[in-house]
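Work through the exercises below with the sequence and the model open. Each task is followed by a solution in steps.

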Amino acid sequence: MPERIFIGVAWPYANGPLHLGQIAGAYLPADIFARYHRLRGNDVLMVSGTDQHGTPITIRAELEGLTPQQVVDKYHAQYLDVWEKLGISFDRYTTTGTDNHRQVVGDLFLGLMREGLIYPENGEYAYCANDNRFLPDRYVDGTCPHCGFERARGDQCDRCGRTLDPHELIDWRCHICGATPQMRESEHFFFKLSALQERLRQWVESVGQGIWRPNVYGFTMNWLTEGLRDRAITRDVEWGVPLPIEGYDDKRIYVWFEACTGYLSAAIEWSEGRTDGRTWRDYWSDPDTRGYYFIGKDNIPFHTIVWTGMLVGYSDDGNLGQLNLPVNVPANEFLSLEGQKFSTSQNWAVWVPDYLERYDPDPLRYYLSANMPEFGDADFSWREFYRRNNDELVATFGNLVHRVLTLTNRNFEGLVPAAGPLDGDDRALIERASQTLEDVAASLEEPRFREGIGKAMALAADANRYIDLKAPWRTAREDRERTATTLSTALTAIAALKTALYPFMPHASERLHALLGFDSDIMADGWTVNPPPAGQALQTPTPLFTKLDEGTVEREMAILEAQTAR
């Protein structure tokens with residue numbers, strides 16, 4: 001029976017182009033997972049959107065002399081272009097600037113307030129007398145009190161990952177002018193996380209233990225062991241979602257509260273105007289729906305603790321009703337670049353729009369899948385990208401497809417030959433093809449993407465060895481039936497690869513689907529081995545992948561060094 005799967009994906013700040021670290025961290029794994037489940041026939045809803053209210057946007061706007069909305073419009077359009085070219089298949093990709101989002105944030109805020117989980121309180125906050133303004137957390141820089149990192153932000157340390165309050169920073173300073181802030185009193189609203197401590201602990205232990213990735217479970221339990229603290233959810237800023245109550249026109253709801261709500265508001269937006277009977281409540285109220293959140297390492301507690309706390313604490317009798325909790329939060333670790341951490345401020349990054357101007361999307365999807373930072377940090381290097389493209393995609397998978405189709409075209413006039421009696425080698429490869437789909441599925445269910453793509457590529461290597469053993473270019477001269485059986489068997493393995501690799505490299509799989517003579521949608525086959533039937537006309541073989549020249553690494557390293565020198 002088909003399952004219903006909800007997939008929430010991290011919302012990128014609209015403050016600059018996307019880089020490869022972000023793709024490997026959240027967007028590619030989410031898309032692999034979604035494509036796999038759709039191919040299995042499951043009902044999938046994958047949503048995300050551009051976070052347009054974070055302080056990174058206002059900082060970028062001030063640097064570029066633009067309004068925050070102009071910055072958002074610029075990068076939101078760029079993100080949409082990236083998703084289309086890279087093949088990230090959102091069912092709804094929106095922004096936090098919609099009326100619908102403001103309404104849903106307000107409903108959640110009021111629902112938690114009715115339960116006594118949001119309350120006002122006066123406190124002291126960072127204020128820059130030089131700029132005559134209260135400073136949002138990211139407008140405060142300083143040294144992390146936990147690890148000594150000198151460029152920590154007022155909300156988080158990028159080195160050790162600890163969440164912070166601005167006043168905890170050592171030698172703190174205003175991000176705008178460098179002056180030392182003062183502490184001044186202001187009234188804000190707080191989310192009473194402390195009241196949810198035991199309920200969240202019980203939930204994490206029952207759902208996450210032995211199922212979540214170790215870093216996710218460990219990070220979450222550390223927060224719970226230290227004891228949850230109430231957190232301010234409003235700020236003295238002008239750019240953001242207004243409070244749904246009167247008398248607070250100069251305050252906005254803090255981004256970590258309202259951006260997480262985007263998973264719900266995006267689903268509601270997707271639901272509007274549908275005529276197929278599907279609604280957002282199917283994914284948020286049906287307890288049989290499984291919800292997954294794909295995020296980066298630095299966002300773990302905001303999803304396993306804060307967002308889940310908001311869902312746990314929301315009043316059941318509110319406008320939104322009972323809301324499902326996550327089943328899994330498969331957060332990835334960090335991806336570095338040539339041994340160094342990605343740095344947008346120093347331009348040490350491979351920007352996705354730049355990559356897509358020079359290369360096809362699937363080699364990147366393949367390399368990031370095979371090198372995904374699931375259980376530890378990983379590194380992107382141009383030399384390894386070059387090697388994997390040429391040695392694995394071109395020489396292993398692409399070569400298998402090209403020589404089998406070429407031999408079939410040459411010896412059987414481009415028609416799939418009928419197999420004769422199978423020997424042990426034939427049966428072994430056919431069984432291996434079927435087993436590979438089961439094995440890859442088992443990995444993707446976990447989800448373990450590196451493991452899954454490794455199992456698929458192992459089948460390609462086995463099929464190449466089979467072709468070398470059977471040598472159909474030689475048997476074609478003396479045993480037509482044997483040659484037909486060999487090529488038919490190889491086409492069965494290739495059909496399995498088309499399916500197994502579709503979640504990882506959809507563009508290549510769709511081209512291969514057409515090369516095998518199918519004119520149907522690749523989704524119609526489902527997660528099965530569906531070889532082309534005897535007599536089906538194959539297309540004229542063309543390479544699936546492009547071999548990179550030896551100067552690729554040198555050129556890309558020169559580009560990287562030049563952009564950091566700007």
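**Exercise 1.** Locate Pro-447 among the helices and state the form of the peptide bond that leads to Pro-447 from Glu-446.

Solution. Pro-447 sits in the loop between helix H14 (424-445) and helix H15 (449-470); helices are DSSP runs (H or I) of at least four residues, strands (E) of at least two, numbered from the N terminus. The peptide bond from Glu-446 to Pro-447 is cis, with omega near 0°.

This is a predicted model, in which local features need pLDDT of at least 70 and side-chain atom pairs pLDDT 80 or more, while totals for chains, interfaces and linings use all residues. Numbering starts from 1 along each chain as its sequence is written, and side-chain values use heavy atoms, without hydrogens and water.

**Exercise 2.** Which disulfides does a search of the whole structure find?

Solution. A disulfide is a pair of cysteine sulfur atoms within 2.5 Å. For Cys-144, the closest cysteine sulfur is in Cys-157, 3.8 Å away, so this is too far for a bond. For Cys-157, the closest is in Cys-147, at 3.6 Å, again too far for a bond. The search finds zero disulfides.

**Exercise 3.** Is Glu-413 buried or exposed, and where does Glu-413 lie?

Solution. Buried means under 20% relative accessible area, exposed over 50%, and partly exposed in between (1.4 Å probe, protein chains only). Glu-413 has 72%, so Glu-413 is exposed. Glu-413 lies in the loop between helix H13 (382-411) and H14. Its phi is positive, about 55°, although Glu-413 is not a glycine.
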